[in-house]
Amino acid sequence: MNYSFTDRTGGLSTGAFLSRNLATHVGDDQATVIANRAELENLLGLPIQYMNQIHGDAVATVGAEIIPEPTADALVTQSVDIGLAVMVADCIPLLLASSQTVAAVHVGRKGLMNRVALAAIKEMRSRDTSEITAVVGPSICGQCYEVSQDIYEDVSKTFPLAASKTRDGGLALNLSRALIDQLQSLGVQVVDEGRCTVEEKNLYSYRRDGVTGRQVGVVWL
């Protein structure tokens with residue numbers, strides 16, 4: 001499985017976006033973001049397809065050519081000539097790969113609830129029935145993702161393993177733990193590369209900083 005997770009180092013962005021911001025929608029200088037994206041493509045050696053993420057459950061399939069960013073929260077391809085990117089700054093970057101198909105999935109709280117990962121896996125299995133491996137990347141941890149009581153109850157009722165507490169006993173959610181259980185229940189092998197975006201200063205975190213950039217997970221065949 002070929003994949004990579006970026007962090008906030010090694011780019012050209014400045015100020016709140018220092019330095020490898022890869023998102024065009026957060027207020028950073030557009031030319032600088034394009035330069036950061038081009039540098040990443042040069043580093044990985046292939047063009048990268050991004051998407052317009054909206055916390056939905058839509059899955060977009062793409063071929064070998066880069067297209068205008070589709071409005072979706074999962075990308076799937078069988079092309080060996082392209083990388084798929086998911087942008088995050090606390091949500092989970094989920095990368096999936098089988099022998100002939102890869103997917104990049106944006107899984108936040110809403111994405112867990114609407115089961116966008118399952119939609120991506122269903123699309124992959126409709127094209128390729130070989131075993132799927134998942135890599136769960138850095139996201140906000142179960143001790144840092146404090147939520148209101150109604151959100152806590154709504155999510156933990158459906159996903160009991162998401163229930164968590166902050167260090168001072170507040171209500172929190174562990175989305176990655178719930179997602180990993182969901183994936184394993186489908187027979188997907190999981191590699192957990194989770195680190196906390198809030199706690200690690202070299203990662204972008206919307207919860208910690210508000211105005212900030214986005215790192216990405218990229219997967220390719």
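Student: What makes β8 and strand β11 (residues 189-192) a pair, and in which sense do they run?
Tutor: Two strands pair if DSSP finds at least two bridges between them. Four bridges join β8 to β11, so the condition is met; the two strands run parallel. Within this pair, Val136 stands opposite Asp192 in β11. The model is a predicted one, in which local features need pLDDT of at least 70, side-chain atom pairs count only at pLDDT 80 or more, and totals for chains, interfaces and linings use all residues. Residues are numbered from 1 along each chain as its sequence is written, and side-chain values use heavy atoms, with hydrogens and water left out.

Student: How do you know that strand β6 (residues 92-97) and strand β8 (residues 133-136) pair, and in which sense?
Tutor: Four bridges are found here too, so the pairing rule is satisfied. The sense is antiparallel, and Leu95 stands opposite Val135 in β8. Strands are DSSP runs of E with at least two residues, and helices are runs of H or I with at least four, both numbered from the N terminus.

Student: Which strands are called edge strands?
Tutor: The open sheet has six strands in the order β3-β4-β7-β6-β8-β11, with mixed pairing. Its edge strands are β3 (59-62) and β11, since each pairs on one side only.

Student: How does helix α3 (residues 116-127) lie, and at what angle to β7?
Tutor: Helix α3 lies across β3, β4, β6 and β7 and runs at about 170° to β7. Angles are taken between N-to-C directions, from 0 to 180 degrees, with axes fitted to C-alpha atoms, for helices over the stretch in contact; contact means heavy atoms within 4.5 Å. Helix α5 (residues 175-185) also packs on the sheet, touching β6, β7, β8 and β11, with its direction at about 20° to that of β6.

Student: How many disulfides does the rule give?
Tutor: The count is zero. A disulfide is a pair of cysteine sulfur atoms within 2.5 Å. For Cys91 the nearest cysteine sulfur, that of Cys196, is 13 Å away, so this pair fails the rule. For Cys196 the nearest cysteine sulfur, that of Cys141, is 3.6 Å away; this distance also exceeds the limit, and Cys196 is therefore in no disulfide.

Student: Is Cys91 buried or exposed, and what is its relative accessible area?
Tutor: Buried means under 20% relative accessible area, exposed over 50%, and partly exposed in between (1.4 Å probe, protein chains only). Cys91 has 19% and is therefore buried. Cys196, with 7%, is buried as well.
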